[in-house]
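Colleague: I should like to go through this model with you, one question at a time, and to hear the reasoning behind each reply.

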Amino acid sequence: MPISTTLVVKTAMPQLRRSPSAFAQAARVFLRDRQAVLGLLIIAITAGAALAAPLISPYDPLTAEGAVRLAPVGTPGHVLGTDEQGRDILSRLIWGGRTSLMVGILPTVAAGIVALGLGLVAGQLGGVVDHVIMRVLDVFFAFPLVLLAIAIVGVIGPGMGNQMFALAVVLVPYSTRVVRTATLSIKSLEFVESARALGAGSGRLLGRHLLPNVLPPLLVYTSTLVGMMIVASAGLSFLGLGVQPPTPDWGVMVGNGRLVLYRAAHVATIPGIVIVIAALAFNFVGDGLREALDPRARR
Amino acid sequence: MDPEKIDLMLRMLPDGVSRRDFLRTAAAGAAGAAGVLATPDGGRAQTPKKGGTLVYGMEGPSDILDPQATGCWLTYRVTFQMFEGLLAEDLTRADVAIPSVIPRLAESYTVAKDGLSRTFKLRKGVKFHDGTPFNAQAAVFSWERMYKKGAPHFYARANSYTSYVVEYITGAEAVDEYTLKLTFSKPYAEWERMTLQSWGEPMMVSPTQVKKTGNEKFADAPIGTGPFKFVENVPGDRIVLERFKEYWGPQPNVDKLVFRRLDDPAARVAALRTGEVDFILAPPPDEVEALGKEKFQVLQSNAPHIWYWHVNMKDDKFKDVRVRKALQMSVDKDRMCKELLRGTAKPAWSMISPATAAYDPNYKPYSYDPDKAKALLKDAGLANGFETTFWTSTSGSGQMIPVPMAEWIQRDLAKVGIRVKLETFDWITYLAKMFQGLRPGHGAYQLSWGMTSNFWIDIVARSTRQPDKGVNVGWYANPKVDNLLDTARAELDDKKRAAVYKQIDRIIMEEDASFFPICNDLNLVVLSPKVKGFVNPPEEWFQLWTPWVEA
């Protein structure tokens, strides 16, 4: 699975963090972007539904009745039909949001935090440290992302927690590259030079100048990974390495539905559409963030 | 044919086949013997078309193509077309309950009264694909490769795979050019049938080729005596065979066979629909009805296939026989077969495979009874139920649709209070787990197989075959069963032997409830309308010399 790590780093002005109105400004730009707002709305609804699952889910997602297997969309009592076990698809989508959003968001966030540390250190210190960090990560790049995740889960054992850990590990190299590239380009800008000339130490440079300016590109990049992680985790679950049955998960629902694709296409396509919409929503938000955090766009 | 046999066959035939249908098929079978082939579409006689290519969309990978050093159904579907043993199962007939054992490279054979030797009269004029003549010396070479430690061409891997065949062999001797004598240390009644199974296939390999390639490389350029010969093997993609023009027997109808690997059931069906492949096995159950309506031919057979769980005898909860009995009554197998599997399998209540002498389709020691199951659990001090973990694979040879099936079972078990956590593994990892055996806390391990020999129960249930020495994954050990297994192995009378195996099954199912059979797969084959002459026998593999492809 190729991930583009060539990301144009658009830097924020140094006063971004200091200016009290910076956040408000960014928020204004973001809210003016209709796509971004739509994305945020979709994420809010999905997450809200997942959180409120016990209250709003019409059925228990695990209980099934064979007699109503593969009921079509619009069946009374089962708006989105039932799956190959006779479970209500709507209920499984609502509950599945919990697992899918979690496996989508947690590994990317965890990888982002680690990447932030590694990338900043590599970019700022340079030299041997940079070489060691980046060459070790190059080793990870040698393997296709999902294959590496499979190998890791294969070693530490199947299960949802281990799966998320594995996905986080494989994402670290990609996110680290983004952070390091951003660090390098910002490091050479005049305001950093002048801060250093004024006697700012390494810690201050990192914390006050580099970190706030490296965050936006990382945030944007991370948001685009969420949808991909939902799909990747579906792949792992398909191999028996991730979410275990009968736990609902959007990716798993697509995987199981493929066996009944001709007879009851909705079993696979409905969760598939949900994944596409969720992934799009995260991408919209990512795009909106990039615009909002880009000082040039603000003008 | 005696009435008892006809009756047995009728009971073994797929549901919905009437006595009249059966007799018509039998008549067509007789016509087949007269040189015309019975076809699946109603027994109408047709003249086979010669030539062309038959493509099989295979549901998984074949292992290496050295028949003596490999084992699995998928592999045997390939090697069975290329290699031959002294005996064979007649897979050209679907109208029998059990495939009959026929001579192949032997013309006839005799068993000594004490059961300690077998003498084979070998067929004359047989050639290997490389031109090497097949005779008693060649046969001795093949047998020594499997059994004789210390022989220059002995192959440890072949010895290990064929252990169920060669473990009591003490000698292989060429009495004259066309007479072979095998001697045994113990009488072994199921030996003939065991030479015909897919786990270690004692088929004759060309001595010239083995000497040329060495034991290990033989699999890359395999040479046998069968009606098809090897062309190429692109691992993970396809295997190609072609007609062997100097075959001693009747020539196959098609010129070329292609085994294309298509693991995913949905992809397999798609390839069949687009005409990329001519036939497939194991379609998703939900597709079968639609495929039939689209003019595809759907054939089923009572193959020796049991989908079952090894119950962990070392687990705290399942140690108690009451809990194991409760398990047997907690799953509505009829509904599962009807609703989830859409009639592609039948409920199984016994650990005796269909298509064997000891199989009794009417044997049903338990029935679905959740209330009784709950009462048994209560007796065992588990009135509030308990939690356990079951293992299954996500796919695999003969596994049908393991995850949806396991989820279905999980749901039924929850109703009586057995709360199962499922752990699923990919097929290769799963097999490795088998050799470690079940740990405490893990309730059951699912597998799916069987044999046309009742010796199969010896392989899964004998106490000496616990991991890592065998596949007795649930650590079942009952001295009474072991003794009876010894008796059966030495009993040369077929009827008496079947009775002993039946007795063993009754102990396993009723006294110990140590295995949990779910269903017998009906081994569906789906053929393109242009494929004729295909026979789906009561076996897990098939012969490909009678089918042909209409233009």
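Colleague: Before we turn to details, where does the kink lie in H10(A)?
Modeller: Bear in mind throughout that this is a predicted model. Helix H10 of chain A, residues 202–238, has 37 residues, and its end C-alpha atoms are only 47 Å apart, short of the 54 Å that a straight helix would reach at 1.5 Å a residue. The helix has a kink of about 45 degrees, and this kink, which comes shortly before the proline A:Pro212, lies at A:Leu210.

Colleague: Which residue with a positive phi follows H10(A)?
Modeller: The phi in question is near 85 degrees, and the residue that follows H10(A) with this value is a glycine. A:Gly240 also appears among the contacts of B:Ser393 in the other chain. The residue asked for is therefore, with its phi near 85 degrees, A:Gly240.

Colleague: Is B:Ser393 buried or exposed?
Modeller: B:Ser393 belongs to strand S15 of chain B, residues 386–393. Leaving aside neighbours within four places in sequence, its contacts include B:Gln399, B:Pro402, B:Thr424, B:Trp427 and B:Tyr430, together with A:Gly240. Because 20 or more C-beta neighbours within 10 Å are needed and B:Ser393 has 25, it counts as buried.

Colleague: How far apart in space are B:Ser393 and B:Gln446, C-alpha to C-alpha?
Modeller: B:Gln446 falls within the range of strand S17 of chain B, residues 442–449, while B:Ser393 is in S15. The two residues are 53 residues apart in sequence, and their C-alpha distance is 7.9 Å.

Colleague: Which strands stand at the edges of the sheet that contains S15(B)?
Modeller: The sheet is open and mixed in its pairing, with 6 strands in the order S14-S18-S13-S17-S15-S16. Each edge strand has a single partner strand, so one side of each is left without a neighbour in the sheet, and the two in question are S14 (345–347) and S16 (418–425) of chain B.

Colleague: Within that sheet, what is the bridge partner of B:Ile306 in S17(B)?
Modeller: Strand S13 of chain B, residues 306–311, pairs with S17(B) in the antiparallel sense over 6 bridges. In S17(B), the residue bridged to B:Ile306 is B:Trp449.

Colleague: Which element supplies the largest share of the side of chain B that touches chain A?
Modeller: The contact takes 24 residues from chain B and 19 residues from chain A. On the chain B side, H9 (265–274), H12 (333–340), H14 and S16 each supply at least two residues. H14, residues 402–416, also lies across S15, S16, S17 and S18 of chain B, running at about 165 degrees to S16(B). The largest share, 7 residues, comes from H14(B).

Colleague: Turning to the sheet S4-S5-S7-S6 of chain B, which residue in S5(B) stands opposite B:Val111?
Modeller: The 4 strands of this open sheet pair in the antiparallel sense, and its edge strands are S4 (106–111) and S6 (169–176) of chain B. S4(B) pairs with S5 of chain B, residues 117–122, over 5 bridges. The residue opposite B:Val111 is B:Arg118.

Colleague: What is the radius of gyration of chain B?
Modeller: The C-alpha atoms of chain B fill a box of roughly 70 × 55 × 50 Å along the principal axes, and 54% of its 551 residues count as buried. For 551 residues a compact globule would have a radius of gyration near 24 Å, and chain B agrees with this at 23 Å.

Terms used. Residues numbered from 1 in each chain as written. Chains lettered and ligands numbered in written order. Predicted model: local features only at pLDDT ≥ 70, side-chain atom pairs only at ≥ 80, totals over all residues. Buried ≥ 20, exposed ≤ 12 C-beta atoms within 10 Å, placed from the backbone. Contact = placed C-beta atoms within 7 Å. Expected span 1.5 Å × (residues − 1). Bend = angle between axes of the 7 residues up to and from the residue. Pairing = 2+ DSSP bridges. Axes fitted to C-alpha atoms, helices over the stretch in contact; angles between N-to-C directions. Rg over C-alpha atoms; globule rule 2.2 N^0.38 Å.
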